[in-house]
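Good morning, and thank you for coming. Please look at the sequence and the model on the screen while I speak.

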Amino acid sequence: MPTKLVVGLDGAGSGNRALDHGKQLARLIGDCEILVVYVIEWSPFTFQTAEENAQRHKRREEEIAVANSRVVEPAVAQLTADGFTASGKVRHGDVAETLNAIAEENGADQIVVGRSSESGFTSRIFGSSTSNLVMHASMPVTVVG
């Protein structure tokens with residue numbers, strides 16, 4: 001049975017670094033599958049009107065399609081071209097919870113993510129998805145700087 005890695009992408013440099021590290025791990029492991037995941041931050045609890053929330057729900061499918069075509073599909077195509085077994089997923093949700101849930105659903109052995117580029121005041125108030133994932137994940141998490 002192959003080892004399964006979940007690599008969290010963010011559409012930025014930290015996600016690219018996580019993907020590069022995931023490829024390195026997969027080469028070392030040998031029999032390995034890589035699942036690349038992009039999570040669109042989503043909370044059903046907002047300070048919007050019912051009408052605004054209805055419109056927001058309609059945009060979900062469009063957001064998933066855009067993230068898939070711009071971030072996930074290119075990463076999967078490159079991994080496949082490089083000889084890796086790869087697939088991808090895009091979901092809405094809390095980043096840490098959703099990455100962990102996808103990893104569990106797919107029987108992953110490890111999650112690889114990039115360190116958030118966010119720092120300072122915003123990070124102290126709102127916390128970090130990466131920190132939350134490390135603290136609450138049900139499997140090992142590698143954070144790439």
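I shall begin with the chain as a whole and then turn to one helix.

Please keep in mind that this is a predicted model. The chain has 145 residues, and 37% of them count as buried. Its accessible surface comes to about 8,400 Å², and carbon and sulfur atoms account for 51% of that area.

How many helices and strands does the secondary structure contain? There are five helices and five strands. If you follow the sequence from its start, their order reads β-α-β-α-β-α-β-α-α-β. As for contacts, consider those between residues at least 6 apart in sequence: 73% of them join residues at least 24 apart.

Let us now turn to helix H2. This helix covers residues 50-81, which makes 32 residues. From its first C-alpha to its last it reaches 45 Å, close to the 46 Å expected at 1.5 Å a residue. Where does H2 bend by about 45 degrees? The bend is at Asn68.

Which residues of H2 are buried? They are Asn53, Arg56, Ala67, Val71, Val72, Ala75, Val76 and Leu79. The buried residues of H2 pack against four elements, which I shall name in sequence order: strand S1 (3-9), helix H1 (13-29), strand S2 (32-41) and strand S3 (85-93).

Finally, please look just past the helix. H2 is followed by Gly83, and the phi of Gly83 is positive, near 95 degrees.

To close, I would ask you to find Asn68 on the screen, where H2 bends, and then to locate the buried residues of H2, including Val71 and Val72. Thank you for your attention.

Conventions. Residues are numbered from 1 along each chain as its sequence is written. This is a predicted model: local features need pLDDT of at least 70, side-chain atom pairs count only at pLDDT 80 or more; totals for chains, interfaces and linings use all residues. Side-chain values use heavy atoms; hydrogens and water are left out. Helices (H or I, at least four residues) and strands (E, at least two) are DSSP runs, numbered from the N terminus. Buried means under 20% relative accessible area, exposed over 50%, partly exposed in between (1.4 Å probe, protein chains only). Contact means heavy atoms within 4.5 Å. Accessible areas come from the Shrake-Rupley method with a 1.4 Å probe; for residues, only the protein chains shown count as cover. The expected span of a helix is 1.5 Å times one less than its number of residues. The bend at a residue is the angle between axes fitted to the seven residues ending there and the seven starting there.
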